[in-house]
Amino acid sequence: MSRQPRTVAALIRRHLMAAAAVTAGLLAGLVCLEWALATAEADRVTRTAATRVAERVSTTLSAADLTGGALDAATLDAQVQGFFDAGAVARIKVWRVDGGTVRVVYSDDRRIIGDERSYSPGLADRLTREGVVILDVPSDDEHRFERADGRELREAFIAFTDATGTPLRLEVYVPVFRDAWVASTLAVYVPVLVGGIGALTALLVPMSIRLARRLAEADRDRRGAIDYGLRSRERERLRLARRLHDDVLQNLAGSALALDVLASAPDPARLRAISATLSEDARALRGLLDDDAPLAALSLRQALDDAVAAARAAGWQVHVAVAPEIDGDAVPDAETSRLLLEATRELVRNARAHAHAERIDVRVVRLPEGYELSVIDDGRGFPAGRNPSSGHGLRLLRNAFVEAGGDLDVSSDDAGTTVRARVLVRDATAVGR
Amino acid sequence: MSPTAPAATACRVLVVDDHRVFGDLLAFALDATADTVCVGTAATLDEGVRKADALVPDVIVLDVGIGDDDGLTAVPTLCRLLPSARIIVLTAHPRAAGADRAFADGAAGYLAKDTRLDDLITAIRTATPRRPALTPGLARTPLDDLTPRERDVLTLLCEGSRPADIARALGLSTHTVRDHVKTLRAVLRAGSQLEVVARARALGMDDGGRP
């Protein structure tokens, strides 16, 4: 009993943990997917913009001779102004490769012109292979002006050569909205995801708890039934052992010894005595077996008296009342009688064991369609909160009555317990037989 | 027909058994067999000890369940009283543990009551504490290896006592009794206290002497 809440708490905890783990997994997957999609889109936008700029400035760059110094900034400014106006490009730089260094020879921001850095063979390789190389904009000194306004940028490199054959690099900075894209998508999906899983969990937890309770109950029932079975078997064994006692076994063992001797030296008187002993044993064994069909010789009333004899002998007042017509011509069939007797034994035993009763009334009356057995005690009733029909003996008994087309109900209060069990006789004429 | 006259060297047997029919039939069988003679029968342990003292038999055939007494308790007494007599324990419910006890106390045989007459006579003639006769096939069960204390607890459990009652009855703490019950559950591989009782019974445990 005390294990139940622990089990339920553990169950809820496990559900919540599973829900949290699934949610976290799905969210992580979603973020990764969105980030990849947004990056691909940002790269596409950057590549398009950079390619357009390259097309626009290619003639100018290819014709330039930069051996002397700077590019014709004004011409380039005019060529690319449209991109800045449309907001498609954030910055443009043209680098000239000069041995081990590269130097800015043009930018729309004049402060940068003349900046230098070392030549990157890796970038050169990629440019040869891919044509357009797209990169994140690093937070370094070189990009101090691009980073300044806080916009998210991607940069694209495209290779040129000037009129003298000197390699040039066109670098185009394009504003992208990758972070904003991911954030806005998640803003839609996360509540749906979390809410959905939450709702699913809320729906499943009570069902699981009900299921777990039912399983625990079934398990208790099963254990109870096993216990009850063991107890019944044990009772039956004791009953047999009591009745068999040692007599039959010892008589048989002694007879076997004596017969062994008598085989070589027959003694009629001794043999007759042994024969009598064996007959007695046979009678004892038959009595044992016949105990299950006592009605062959006894009326229901006598059989009930027999069934409660143990309780009476132990000091209980047990009153047996059988409707007169039942002991007259309306005798129940053997199976019905056996059920009534078994029920009487079990119910009287219950009353003795659990009810602290002083007086137990056993009544059998005839119903139009069968018989009703009542066992009424003046004990303390079932303890509050305990289901009167939860005992396994009682439950099995109820099953037996239901199988016989009847039912069994229990009512219990401070003044005692009443169990009424009805058994139907399918063939109506059997009642009047 | 008269029984065979006892030879001068006939083995003199005293039968101690409370079951009249069995005792008489065994006495008859012994008298009818050459070389054995039943010199007396006794239906209680006291009577058995008295007759043993008076008749000085060569062999005492001793039942285990004699009324409410345990025949095995008389083995040491009889051995002291008649050091030369050999004691054959004859029981309706042979147990390995009973055999151990009987032989430890000096019995010369431990046989089931359904033993064949030939084997019983052979045992009466030849068995000694050094070469005892034992009913074959007594299975050893976990019950045989219980400590006396565990056996007490098990006996009370089988009588339907609860651990608290057992603790009171044996003068132990409830905790100790629960430990014993736990051991019993492990030894008998039983899932519950009730199953302990059922398993013990299935293995031949009885309420205290006889079933």
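Me: What makes two strands count as a pair here?
Reply: Two strands pair if DSSP finds at least two bridges between them. Keep in mind that this is a predicted model.

Me: So what makes β5 and β6 of chain A a pair?
Reply: β5 (residues 153-161) and β6 (residues 167-175) of chain A share nine bridges, in the antiparallel sense. The cut-off is at least two bridges, so they pair. Within that match, A:Arg154 stands opposite A:Val174 in β6(A).

Me: Where do those strands sit in the sheet, and what is the strand order?
Reply: In chain A the order runs β3-β2-β1-β6-β5-β4, an open sheet of six strands with antiparallel pairing.

Me: Why are β3 and β4 of chain A called edge strands?
Reply: β3 (116-118) and β4 (132-136) of chain A each pair on one side only. Neighbouring strands of this sheet are turned by 30° against each other on average, ignoring direction.

Me: How do you know that helix α3 of chain A packs on the sheet?
Reply: Helix α3 (residues 121-130) touches β4 and β5 of chain A. Touching means C-beta atoms within 7 Å, so that is the basis for the packing. The direction of α3 makes about 130° with that of β4(A).

Me: What makes up the contact between chains A and B?
Reply: Chain A puts in 23 residues and chain B 25 residues. On the chain A side, α5 (178-244), α6 (247-262) and α7 (268-290) each supply at least two residues, and α6(A) gives the most, with 11 residues.

Me: How do the residues on that side of chain A divide?
Reply: There are 10 nonpolar, five polar and eight charged residues on the side of chain A that touches chain B.

Notes. Residues are numbered from 1 along each chain as its sequence is written. Chains are lettered from A and ligands numbered from 1 in the order in which they are written. This is a predicted model: local features need pLDDT of at least 70, side-chain atom pairs count only at pLDDT 80 or more; totals for chains, interfaces and linings use all residues. Helices (H or I, at least four residues) and strands (E, at least two) are DSSP runs, numbered from the N terminus. Axes are lines fitted to C-alpha atoms, for helices over the stretch in contact, and angles run from 0 to 180 degrees between N-to-C directions. Two residues are in contact if their C-beta atoms, placed from the backbone, lie within 7 Å. Ala, Val, Leu, Ile, Met, Phe, Trp, Tyr, Cys and Pro count as nonpolar, Asp, Glu, Lys and Arg as charged, and the others, Gly among them, as polar.
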